[in-house]
Amino acid sequence: MKSHSSITLLIALALTSATVKADRFNYLDDQNPYYVNLDFPKLITPQWIGEDGVDAVVILSIDDMRNSATYESYLRPILERLKQIDGRAPVSIFTNSIDPQDPQLQQWLKEGLSLEIHTIDHPCPCLSGGDFARAKSTYDRCVDLMTSIPNNRPTAFRMPCCDSLNTPSPRFWAEIFNKTTGQGNYLTIDSSVFNITTPNDPSIPMDLALDEDGDSRFEHYIPFDSFVNVIKDYPYPFVQGELCWQFPCVIPSDWEGQNVQRPFNPKTVEDMKHALDAVVIKKGVYPLVFHPHGWIRSSQIIEIIDHAVKNYGKRVKFLTFRECADRIQSNLLSGQSLRNKNGGDNGVRIVDLNDDGLLDVAIGNDQLRTTRIWDADKQRWSEFDFPIPIANSNEQFFSHSLDGTSLLVNTKASRGVWQLQNHQWKSNERMLTGLPDATATGLDAGLRMRDMDQDGFSEVITNTEVLRWEAEDLTWKPLPFSIPVGTSITNEAGLDAGLRFVDIDDDGLDDVIFSDDQNYSLHLFSDMKTGWNNKVLSGSRPEQNEIPIISLGGANNGSWFSGQYLWVQNEFTQGLPALVDRRSFDQLLANVPPKAKSPKAALNAFETQPGFRVELVAAEPLVMDPVAFDWDSKGRLWVVEMADYPLGLDGKGKPGGRVKFLTDTNGDGKYDTSTLFADEIGYPSDVMVWRNGVLISAAPNIWYMEDSNGDGKADIRTALFTGFGEGNQQHRVNGLRWGLDNWVHLANGDSGGVIRSSKTDETINIGGRDLRVRPDTGELQALTGQTQHGRNRDDWGNWWGANNSNPMFQYLLQDQYLARNPHISYPNPRHPVATLQDSPIFPISRVMSHWEG
Ligand SMILES: [Zn+2]
């Protein structure tokens, strides 16, 4: 009944909602392979395709090849159909072990296929058995084998079982993909993450995102609830760990289709077409995952090709992964690649430099220094110099004005700050003043730039201090706090020590969670004076409920944060449910009562259905502990405040409820004045404007109160009806509503009572019933019931009620009609219309353990 967050009064309006904008450069430091989302800057196809009029790229990619004959017979009709478009047959085959001399492979390469990597022996999960070396070996051997095929140049990898299991791990990308094989071979594209189209994407027509029943069209293809290998509404290539292009696969794959609705189902093919329609609208990529395993027919893949050709013509381009890599190199990266010839960092960064929602390119290596900004109007790149090599430099892009981008390089080789202004990087030596010098060792000294207070200006965080730019003094100045004692961003070797900045308590500000092989802790951020001073937990291993290891020996242990969970997937987690270790933020915060939110933070915490907006009209101190409100004819908002809930003001039942009215004196739509109308009322539950005053429900009475002399205070206080039961404070009379019958309706509250009208002395027992009254005459009558909280009607006079366990039921048969025949037997007049499980209104905030269930 009483909210634990800030007691503010918010009113829902039918418009759209706003979201907090995260620091747009943080992902460059983060180790979350699933960091992209609907709001993340995009890399649309026109930016890299190098061909006018192409909006979307389809990559038909078939998995699991060990035997070319099966694949030839399955693929042949598909290849012939593709050749009808432009003579090429672009299909990528993800291959396991195969004879590199097989002549079929040469035939395919001539026709335009590419042969890609799917590990030699297809382990699911790939990292398992505590044997990391085995996972690296099956990957490396496959890369080397595919590289040994004459005329083949493998580019892409797909993780075995990535559409059905939580098998990809951050450890795979960081320690296997982003390294090289013993022979020095490496790849540039991974296509193992799945992208789902959801109804939350406003650019997608609802009939694409929703099925005929109004349910999410694609969600049921996700194989199980805790499937984490998925991103939402982002069908674009994105970079993982600076070296790997991720080409997110489309949901559904053929396996995901047959998993929910049997093999060869036309519904799967229809949904694959709908998913393509969404990708064309968004100008993205469409890697389709399929197999010759009896889940989808060749002819059904051809149906999708026909759909693309017929509806989009040249707007859809069919390519292999190798062709995609080549086009990215030529058209996006000025001939460069994310990886240098040794497979290492080539100083190429994909980052939204001008904050227009589209990704740009920064290249700083020994061959080339160029900045490429995408001009969305002209649909082309504009290029200008980039100031410095940034390969392996731990450089930091940051913002120090509301729309500006700056670059800090702070390594052994070089040191400087450059500001991006009017397509030019300008050196700003002054911004080095007061900045810790990280050039001594050449190691990553842990300097990170993050906008901690969301004001658009980055702060500097190091292992030992936190600094803020003081524009007046032209220097970085230390703030009076640093990262928590016992935590560190980097270790002595300059490697990942196990610290992450994550907003665990959902207040919009990043907290510090730390976990290495010895210790773990969680500190919540308070403010810019005290920093991360709220220690929630800390300990040393081994302990029960310890935080899983985030970083082990300077390397990511396979951890990342998404969807309010810490996840760990590595070679030791295959025995756990869904192959992952995890801790929900709720578990981490189990003993922490939520802090009161500021009115602004409270607003941002709401998530509404599309088309709705929540606005703030009043907050403390104008209003406190509100439980109900009503408007009068002057536009004043009458609010009832149950300040004495649950045990009275003094803990012994002292009445402390209040009724106030709020006034908007300047007409700006927000209330600015509050007048205390009546106080010392015991647990008042509702207020309703009536005649020259208000009705107030406060068991045992229904009061009429009025200000007769215009001083804003109630001087007439009349108990119109008495006798309402004073049970539990959550179970008392409430719900004053005016009916179309011109009676005032009331919810019983569950405590019943023999009610007496003070005007007529008439009494009525309302056990098991609700009640209607006429305040002017004192008449009263029982109603079909009973309601615990809030009896309401719609504009057609249908009445609805609720109780703790039932969010809504309807009263279908009315007592006043049933009472005409005392002999009639009738069904239950109370009909449930919503359950807790399918309620459209639910808390998204953390629920304390004693409130659960
Ligand atoms: Zn496979």
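In this predicted model, D444 is buried, because its relative accessible area of 15% falls under the 20% cut-off. D444 sits in the loop between β21 (425-427) and β22 (448-450). Leaving aside neighbours within four places in sequence, D444 is in contact with N394, T490 and G494. Y221 lies elsewhere in the model: the C-alpha atoms of D444 and Y221 are separated by 42 Å, with their positions 223 residues apart along the chain.

D444 also belongs to the lining of the largest cavity. That cavity has a volume of about 90 Å³. Its lining includes N394, one of the residues in the list of D444 contacts. S393, Q396, L408, N410, A438 and L443 are also among the lining residues. The run A445, G446, L447 and R448 takes part in the lining as well. By class, the lining divides into 5 nonpolar, 5 polar and 2 charged residues.

The search of the whole structure finds 3 cavities of 30 Å³ or more. The second largest has a volume of about 50 Å³. Its lining is made up of N195, T197, P235, P248, C249, V250, I251, A275, V279 and V285. Two elements give two or more residues to this lining, namely β11 (249-250) and α7 (266-282). Here the residues divide into 8 nonpolar and 2 polar, with no charged residue.

N259 offers a contrasting site. Its place is in helix α6, which covers residues 254-261. N259 counts as partly exposed, because its relative accessibility of 36% lies between the 20% and 50% cut-offs. H220 is 39 residues from N259 in sequence. In space, the two are 10.0 Å apart, C-alpha to C-alpha.

The chain as a whole has 853 residues, and buried residues make up 55% of them. It has 12 helices and 53 strands. Its C-alpha atoms fill a box of roughly 100 × 70 × 55 Å along the principal axes. Contacts across the sequence were also examined. Among those between residues at least 6 apart in sequence, 60% join residues at least 24 apart.

Three domains divide the chain: domain 1 (42-325), domain 2 (344-583) and domain 3 (685-851). The centres of domain 1 and domain 3, taken over C-alpha atoms, are separated by 59 Å.

In soluble globular proteins, nonpolar side chains tend to be buried together. In this model, the largest nonpolar core has 128 residues. Those with the most contacts inside it are W48, L60, L75, I78 and W245. Domain 1 (42-325) and domain 2 (344-583) both give residues to this core, so it lies between them. Apart from this core lies another, of 20 residues. W690, F721, I766 and L780 are among the residues of that other core.

L60 illustrates the packing in the largest core. Neighbours within four places in sequence are again left aside. L60 is then in contact with I78, which is also listed among the core residues with the most contacts. Further contacts of L60 include L82, P90, V91 and S92. L288, F290, I301 and I305 are also in contact with L60, as are F318 and L319.

Definitions and conventions
Residues numbered from 1 in each chain as written. Predicted model: local features only at pLDDT ≥ 70, side-chain atom pairs only at ≥ 80, totals over all residues. Heavy atoms only, no water. Core = buried A, V, L, I, M, F, W, Y, C linked by side-chain atoms within 4.5 Å. Buried < 20%, exposed > 50% of the residue type's maximum accessible area, 1.4 Å probe, protein only. Domains from an automatic or database assignment. Contact = heavy atoms within 4.5 Å. 1 Å grid on protein atoms, 1.4 Å probe; cavity = no way out; pocket = protein on both sides within 12 Å on 5 of 7 lines; lining within 4 Å. Points joined across faces, edges and corners; volume = space filled by probe spheres on them. Nonpolar A, V, L, I, M, F, W, Y, C, P; charged D, E, K, R; others polar. Helix = DSSP H or I, 4+ residues; strand = E, 2+ residues; numbered from the N terminus.
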